[in-house]
Amino acid sequence: MSRHRHFRRAAEECSVTQPALSMQMQEFEALLGTVLIERRRGDVQLTEMGQEIARRAREILVAARDLVEYARSRQEILSGPLQLGIIPSVAPYILPRILPEITEAYPALSLNVRETLSASLLDELVSGRVDAVLMSLPIDHPDVESVPLFDDAFLLAMPASEDVPAHQRLQPEALDPKRLLLLEEGHCLREQALAFCGMSGAPQRQQFGASSLATIVQLVANGFGLTLVPEIAVPVEVGQDSRIRLVRFADPQPYRTIGLGWRRSSSRRRDFEALAAVIRQVAGQILSDVKQREREAA
């Protein structure tokens, strides 16, 4: 209820009917002897007491999940269920490579994957709805511990028809912000690209409302502008597409650091370290392949 502010949506998440949830809330208020919810047409608002009760309830639920994790941690590494959250600008490029490795190395693991934006993932991690997250660092939350896995450089993708000298390294500030195509707001990749190129607050060309890097790259391939592509995404999004030219930036190259984060209170640190090792190895191979292709094409 604290998340949805709506009885019907909250009831659907709890897999109960709306009248049943309403009755349960009334019984809970009677038990506590206080009003938790302000009921209004089409909207539900928590009272001040309701907000505090919801906060404490979340802490209890997380502690209960961590207790179960503690019991499971006494078993073999990476066994049982694990909920992993991944940001969209990493998931398509690394999941297909790490899943076979994890399945072979840890057959007792039941891995469930959740792909969504960074802000949602962090909220779900802290509230206990996912066990670990694969996302850009730093993760700015006191209850979250993280380890870096790999640095992911940004390359400039442009139409192959662009007149750029071979092997030229570009300066980020030389980019025309009006030609730069970026993802919708809310994607950390968008904010990182703007920050690395010194364009925060600068006007960009009209956005296409794209929520996937694949769409942006295809726009570039058809001559509609430029974009920044994370190196980890190059094999999938660019591959052998002759319509696109990739150019590296001058040193120090702009990059992001991808890491694995989990709750400090979790007792599954051994699991997360083992998972991190698999991801680090696979990502290293992908990035090595990208650089090898560049050398062969030179």
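Pro 138 sits in the loop between strand 5, residues 132-136, and strand 6, residues 144-159. The peptide bond leading into Pro 138 from Leu 137 is cis, with omega near 0°. Before I go on: this is a predicted model, so please hear every value in that light.

There is another cis bond to report, from Asp 251 to Pro 252, with omega near -5°. Pro 252 is also a loop residue, placed between strand 8, residues 244-247, and strand 9.

Staying with backbone geometry, look at Leu 78. Its phi is near 50°, which is positive although the residue is not glycine. For context, most residues other than glycine have a negative phi, and most peptide bonds are trans. Leu 78 belongs to the loop that joins helix 3, residues 48-73, to strand 3. Is Leu 78 buried or exposed? Leu 78 has a relative accessible area of 1%, so it counts as buried.

Now the overall layout. The protein chain has nine helices and nine strands. Its length is 298 residues, and 44% of them count as buried. If you take contacts between residues at least 6 apart in sequence, 75% of them join residues at least 24 apart.

On to the strands. Strand 3, residues 80-86, pairs with strand 4, residues 109-115, in the parallel sense, over seven bridges. Within that pairing, Leu 84 of strand 3 is opposite Val 113 of strand 4. Between the two strands the chain passes through helix 4, residues 91-105, and the resulting β-α-β crossover is right-handed.

Next, packing. In soluble globular proteins, nonpolar side chains tend to be buried together. Here the largest nonpolar core has 74 residues. Which of them touch the most other members? They are Ile 94, Leu 134, Leu 149, Phe 150, Leu 156 and Leu 260. Helix 9 is the element that gives the most to this core, with 11 residues. Where does the core lie with respect to the domains? Domain 2, which is 80-150 plus 256-297, and domain 3, which is 152-255, both give residues to it, so the core lies between them.

Take Phe 150 as one example. Setting aside neighbours within four places in sequence, Phe 150 is in contact with Ile 94, Ile 232, Arg 256, Thr 257, Ile 258, Ala 283 and Leu 287. There is also a second, separate core of nine residues, and among its members are Ala 11, Leu 36, Leu 46 and Ala 54.

Helix 6, residues 188-196, has buried residues too: Cys 188, Leu 189, Arg 190, Gln 192, Ala 193 and Leu 194. Note that Arg 190 and Gln 192 are on that list. What covers the buried residues of helix 6? The cover includes helix 5 (118-126), helix 7 (213-221), strand 7 (227-230), and strands 5, 6 and 9.

Last item, the aromatics. The structure holds one aromatic pair. The ring centres of Trp 262 and Phe 272 are 5.2 Å apart and the planes are at 25°, so this pair is stacked; the cut-off for stacking is under 30 degrees. Trp 262 comes from strand 9, residues 255-263, and Phe 272 from helix 9, residues 269-297; the two are 10 residues apart, and the pair links distant parts of the chain. Both Trp 262 and Phe 272 are buried.

Technical notes: Residues are numbered from 1 along each chain as its sequence is written. This is a predicted model: local features need pLDDT of at least 70, side-chain atom pairs count only at pLDDT 80 or more; totals for chains, interfaces and linings use all residues. Side-chain values use heavy atoms; hydrogens and water are left out. Two strands pair if DSSP finds at least two bridges between them. Helices (H or I, at least four residues) and strands (E, at least two) are DSSP runs, numbered from the N terminus. A crossover is right-handed if, with the strands pointing away from the viewer, the path from the first strand over the helix to the second runs clockwise. Rings of Phe, Tyr and Trp (its six-membered ring) pair if their centres lie within 6.5 Å; planes under 30 degrees apart count as stacked, over 60 as edge-to-face and the rest as tilted. Buried means under 20% relative accessible area, exposed over 50%, partly exposed in between (1.4 Å probe, protein chains only). A nonpolar core is a set of buried Ala, Val, Leu, Ile, Met, Phe, Trp, Tyr and Cys residues joined through side-chain atoms within 4.5 Å. Domain bounds come from an automatic or database domain assignment. Contact means heavy atoms within 4.5 Å.
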